[in-house]
Amino acid sequence: MKNISNSEAADKLIFALDAAGYDEAVSWIDILSGHVGMFKVGFELFTAAGPKIIDYIKQKNQRVFLDLKFHDIPNTVARAAEAAAKMGVDMFNVHASGGSKMIRDTVKAVETLTEKDGLVKPVILAVTVLTSLNDVDLQEIGFAKNTNDQVLHLASLANAAGASGVVASAQDIVKLRSGLGNDFIIVTPGIRSSREPVKDDQKRTLSATEAVKLGADYIVVGRPIRQATDPLAACEQIVKEISEGMTTG
Ligand code: C5P
């Protein structure tokens, strides 16, 4: 059996900082700094609070995943990615359906900039098919493949174009792992404790232990921590579950 330290397990936990504004986000960062591996800043918070929330997370010596799912012409995404790297984010994502050139140009721009300026090179993830879309939605958009095939297709495209990994639902972990190997990073949201009934809009959920056992490198957790009576205790329980997954995985 592997011996897993608490911090190795906590490193795998990405907290979804889905706060409405700066002050609320700051109070979560103060509570959870040192207890999670990364803070995920998405559209809502970044639009409301701007880069100063990234600065605050960096001041606390914590890691940031900027979840803005860039999708535009290659030049625009590459420039946005450089701006993200300059802010010091540790991870950000782009839509794989932006195409190979968009991903390749972005990876290259970030490599060139971070080497030139001695900055930390952020991990670049791709988003494949949003889990809010089903087979009928893909047909409507004009995609020929079903969601399962489209996820693997776009993940392979992103991998070939130089992305380091994907954000993927729990149900896709196994096929992505077997199709793309062990170095490809898989980040999985939709995590709920096996001990609690599901109370919100996540339909396909998995416990942290199961997700890590299946091969997720990181898990994203928001409401199970934010809505807990004791958020720090909930966070520590999830870290314990991650460590169980790492021990037995
Ligand atoms: O609160 P909860 O744990 O469901 O938070 C999940 C986070 O992961 C949210 O920030 C949400 O935007 C994100 N996410 C998701 N499902 C996806 C991709 C991202 O829930 N398929």
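Let me start with helix 2, residues 22–32, and helix 4, residues 52–59, whose axes come within 11 Å and cross at roughly 15°. Please keep in mind throughout that this is a predicted model. Because angles under 35 degrees count as roughly parallel, helix 2 and helix 4 are therefore described as roughly parallel to each other, and their crossing is right-handed. On the side of helix 2 the contact is made by Tyr22, Ala25, Val26, Ile29 and Asp30, and on the side of helix 4 by Lys52, Ile53, Tyr56 and Ile57. Sorted by character, the residues of this contact are seven nonpolar and two charged, with no polar ones.

The second pair I would like to show is helix 5, residues 74–87, with helix 6, residues 100–117, which pack at an angle of about 35° with their axes 8 Å apart. This crossing of helix 5 and helix 6 is also right-handed. Among the residues that meet here are Val77, Ala81 and Glu82 in helix 5, and Met102, Asp105 and Leu113 in helix 6. The contact of helix 5 with helix 6 divides into nine nonpolar, two polar and five charged residues.

Finally, the ligand: which of the 12 residues around it come nearest? They are Asp18, Thr131, Arg192, Gly222 and Arg223. In the side chain of Asp18, an N or O atom is 2.7 Å from an oxygen atom of the ligand, while for Thr131 a side-chain N or O atom is 2.6 Å from a nitrogen atom of the ligand. Arg223 takes part through its backbone, with an N or O atom there lying 2.7 Å from a ligand oxygen atom.

Methods
Residues are numbered from 1 along each chain as its sequence is written. This is a predicted model: local features need pLDDT of at least 70, side-chain atom pairs count only at pLDDT 80 or more; totals for chains, interfaces and linings use all residues. Side-chain values use heavy atoms; hydrogens and water are left out. Axes are lines fitted to C-alpha atoms, for helices over the stretch in contact, and angles run from 0 to 180 degrees between N-to-C directions. Helices (H or I, at least four residues) and strands (E, at least two) are DSSP runs, numbered from the N terminus. Angles under 35 degrees count as roughly parallel, over 145 as roughly antiparallel, 65 to 115 as roughly perpendicular and the rest as oblique. A crossing is left-handed if the near helix is turned anticlockwise from the far one by less than a right angle, and right-handed if clockwise. Contact means heavy atoms within 4.5 Å. Ala, Val, Leu, Ile, Met, Phe, Trp, Tyr, Cys and Pro count as nonpolar, Asp, Glu, Lys and Arg as charged, and the others, Gly among them, as polar. A residue is near a molecule or strand if one of its heavy atoms lies within 4 Å of it. A polar contact is a pair of N or O atoms within 3.5 Å; within protein, one must be able to donate a hydrogen and the other to accept it, and residues adjacent in sequence count only if both atoms are side-chain atoms.
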